[in-house]
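Trainee: Please take me through the charged side-chain contacts of this protein in detail. I should like to understand where the partners sit and how accessible they are.

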Amino acid sequence: MSPNDDELALKARFIRNRSLAQTPVRLAIERRVCGCDYGGTSWTTAHEAKQVAELLQLGQGKRLLDIGAGSGWPGLYLGAETGCDVVLTDMPEIGLQIAAARAEADANSGDCWIAAADGAALPFVNGSFDAVSHSDVLCCLTSKQGVLNSCRRVTRTGGRMAFTVISISLGLSAANHERADAAAPPFAGIEASYPNMLEQASWNVTHHIDLTADFLELTRLMMSEEESHAGELRDLHGEAGFTARFTKHGLRIQALEEGLLRRELFAATAA
């Protein structure tokens with residue numbers, strides 16, 4: 001299926017953000033907020049990444065697929081911490097180019113492969129992986145059920161998946177849904193709950209952790225850090241770009257405080 005105009009605009013924005021995320025000021029803010037310096041665009045913290053490694057039961061001899069891997073966070077970190085083999089996938093390819101350089105520099109004990117691939121049409125044979133991860137990826141994709149189905153196909157029976165996702169709360173009034181949409185990542189709205197989507201894709205949920213309160217604190221910290229580096233960020237993003245980022249943080253904080261948005265961590269086994 002060909003991408004629509006919104007998806008093409010999002011792709012262009014992702015390409016620009018991947019490059020800007022590698023600048024010194026953005027990496028410094030990332031270290032302060034998330035405890036890492038990969039130039040990632042998710043909200044996954046170092047603490048969460050360690051939690052994901054435990055939920056996936058990673059170790060030497062295991063093969064992990066990280067979807068929407070971008071510049072390698074947290075997939076490369078999970079490989080470094082556990083010794084598992086890692087396959088990183090994403091679209092567009094700019095983030096993977098950064099991840100390839102980072103993988104070579106890190107020299108992890110496990111093997112690492114990189115593939116440009118659509119999460120809903122993964123180019124791997126059935127049952128190729130022991131584990132799958134993706135960090136705040138589904139909230140930026142239209143084909144959420146397709147990705148979950150594709151992940152199940154390439155995971156061996158009994159294999160594991162863990163992911164974080166931001167979503168607009170179900171059952172909101174039209175006015176509140178509009179407010180949540182303005183504060184959320186693109187395509188964060190859902191028609192069915194993630195537990196229902198997982199069940200439909202033949203995943204058995206083992207853990208469902210509400211990270212909304214943590215996400216609220218992370219957003220407040222990000223807003224504070226960006227305010228502290230306002231001069232550098234205005235030079236980097238331009239006045240309009242900086243103002244848009246700052247405004248979005250404020251809208252997101254309000255939406256999270258009022259329960260219009262949520263962030264969750266799911267872990268599941270392949271049925």
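Mentor: A suitable starting point is the salt bridge in which the side chains of Glu-217 and Arg-220 meet, with an N to O distance of 2.5 Å. The model is a predicted one, and this distance is computed from its coordinates. Both residues belong to helix H9, and because they are 3 residues apart there, about one helical turn separates them. An α-helix has 3.6 residues a turn, so residues three or four places apart point the same way. Neither partner counts as buried: Glu-217 is partly exposed at 44% relative accessibility, and Arg-220 is also partly exposed, at 34%.

Helix H9, which spans residues 212–228, also holds Glu-225. The side chain of Glu-225 forms a salt bridge with that of Arg-32, at 3.3 Å from N to O. Here the partners come from distant parts of the chain, since Arg-32 lies in helix H2 (residues 24–34), 193 residues away from Glu-225. Glu-225 has a relative accessible area of 12% and is therefore buried, the cut-off for that class being under 20%.

A further pair joins two strands. The side chains of Arg-156 and Asp-130 meet in a salt bridge of 2.8 Å, N to O. Arg-156 lies in strand E5 and Asp-130 in strand E4, so this contact ties together parts that are 26 residues apart in sequence. The accessibility of the two partners falls into separate classes: Arg-156, at 33%, is partly exposed, whereas Asp-130, at 18%, counts as buried.

Charged contacts may also join more than two residues. Arg-31, Asp-37 and Arg-102 are linked in a network of salt bridges. Over the whole structure, the search finds 13 salt bridges; those described here are among them.

The strands that carry the Arg-156 and Asp-130 pair appear again around an internal space. The structure holds 1 cavity of 30 Å³ or more, and the volume of the largest cavity is about 60 Å³. Its lining includes Glu-48, Ser-133, His-134 and Phe-163. Strands E4 (129–135) and E5 (155–168), together with helix H3 (46–56), are the elements that give two or more residues to this lining. By class, the lining divides into 4 nonpolar residues, 5 polar and 1 charged. Glu-48 and Val-52, both lining residues, are among the buried residues of H3. After H3 comes Gln-57, which has a positive phi, near 55 degrees.

Key: Residues are numbered from 1 along each chain as its sequence is written. This is a predicted model: local features need pLDDT of at least 70, side-chain atom pairs count only at pLDDT 80 or more; totals for chains, interfaces and linings use all residues. Side-chain values use heavy atoms; hydrogens and water are left out. On a 1 Å grid over the protein atoms alone, a cavity is a set of points where a 1.4 Å probe fits but cannot get out, and a pocket is an open set with protein on both sides within 12 Å along at least five of seven lines; lining residues have an atom within 4 Å of a point. Grid points are joined across faces, edges and corners, and a volume is the space filled by probe spheres set on the points. Helices (H or I, at least four residues) and strands (E, at least two) are DSSP runs, numbered from the N terminus. Ala, Val, Leu, Ile, Met, Phe, Trp, Tyr, Cys and Pro count as nonpolar, Asp, Glu, Lys and Arg as charged, and the others, Gly among them, as polar. Buried means under 20% relative accessible area, exposed over 50%, partly exposed in between (1.4 Å probe, protein chains only). A salt bridge is a side-chain nitrogen of Lys or Arg within 4 Å of a carboxyl oxygen of Asp or Glu.
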